[in-house]
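Colleague: I should like to understand how the descriptive terms applied to a model are justified. May I put some questions to you while we look at it together?

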Amino acid sequence: MSAVAAQQQQQQQQQAQGDGGIPIESLPIAELGRIKKTLDQEQTNLIKNYEQLKLAMGRFVRSQKAISDLKQTVVGTETLIPLTQSMYVPAKTTSNDKLLLAIGTGYYTEKNATDAGQFFDRKLKFLKARSQELEILIRQKQQQAKQLMQVYQQKVKAQAEQNAKQLGN
């Protein structure tokens, strides 16, 4: 192994240990397997949360588009108002500036189009920040899992070689 590769591996091991952690090389194979399973579950949960954030961001972007479309609508135009994702009711626009926003479970507020747009901008900004944090966490978990698998494979290989030597004697 080259000196650069050895140094990189040592840095990765130090990162995996964190502050005062146990070196993963000292753990038995069974424990490494349990840690790998835990890391995989954490990754799965983080990815699910990330996907949920992306879906919420999409809803807010569609809401912003709906506001801009409403601003361009002529008062008195017939339209369909969504009550759920699959149920709409016919209506006529009486104002293209007043909106009723769902701001939480069962809570609504009336806002003008500008304030509603600002509300969605704040929500999008918040969700983007959270999704960026999750992306970083996901990458860290993936890196930890990769390092763990390298050590796991090394230990399995070493054990297989040891078993082969014992059988050969």
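Colleague: Why does Phe119 count as buried?

Modeller: First, please note that this is a predicted model. Phe119 has a relative accessibility of 11%. Buried means under 20%, so Phe119 meets the definition.

Colleague: Why does Phe120 count as buried?

Modeller: The relative accessibility of Phe120 is 8%. That value is also under 20%, so Phe120 is buried.

Colleague: Why is the pair of Phe119 and Phe120 called edge-to-face?

Modeller: Their ring centres lie 5.3 Å apart, and rings pair if their centres lie within 6.5 Å. The planes stand at 70°. Planes over 60 degrees apart count as edge-to-face, so the name applies.

Colleague: Why is the pair of Phe60 and Phe120 called tilted?

Modeller: Here the ring centres are 5.6 Å apart and the planes are at 45°. An angle under 30 degrees would count as stacked and one over 60 as edge-to-face; 45° falls under neither heading, so the pair is tilted. Phe60 belongs to helix H2 and Phe120 to helix H3, 60 residues apart, and the pair thus links distant parts of the chain. Both Phe60 and Phe120 are buried.

Colleague: Which residues form one aromatic cluster?

Modeller: The cluster consists of Phe60, Phe119 and Phe120. A search of the whole structure finds 2 aromatic pairs.

Colleague: Which residues touch the most other members of the largest nonpolar core?

Modeller: They are Ile67, Leu99, Leu101, Phe120 and Leu127, in a core of 18 residues. Helix H2 (29-71), strand E3 (98-104) and helix H3 (113-168) each give two or more residues to this core. Beyond its neighbours within four places in sequence, Ile67 is in contact with Leu99, Ala113, Ala116, Gly117 and Phe120.

Colleague: What makes Lys146 partly exposed?

Modeller: Lys146, which is found in helix H3, has a relative accessible area of 48%. Buried would require under 20% and exposed over 50%, so Lys146 is partly exposed. Its C-alpha atom is separated by 9.3 Å from that of Lys36, although the two residues are 110 apart along the chain.

Colleague: How do you know that the span of H3 agrees with 1.5 Å a residue?

Modeller: The 56 residues of H3 should span 82 Å. The end C-alpha atoms of H3 are 80 Å apart, which agrees.

Colleague: Which residue caps the N-terminal end of H3?

Modeller: Asn112 does, with a side-chain oxygen 3.1 Å from the backbone nitrogen of Thr114.

Definitions and conventions: Residues numbered from 1 in each chain as written. Heavy atoms only, no water. Core = buried A, V, L, I, M, F, W, Y, C linked by side-chain atoms within 4.5 Å. Buried < 20%, exposed > 50% of the residue type's maximum accessible area, 1.4 Å probe, protein only. Helix = DSSP H or I, 4+ residues; strand = E, 2+ residues; numbered from the N terminus. Contact = heavy atoms within 4.5 Å. Phe/Tyr/Trp six-rings, centres within 6.5 Å; stacked < 30°, edge-to-face > 60°. Expected span 1.5 Å × (residues − 1). Polar contact = N/O pair within 3.5 Å; in protein donor to acceptor, adjacent residues only side chain to side chain.
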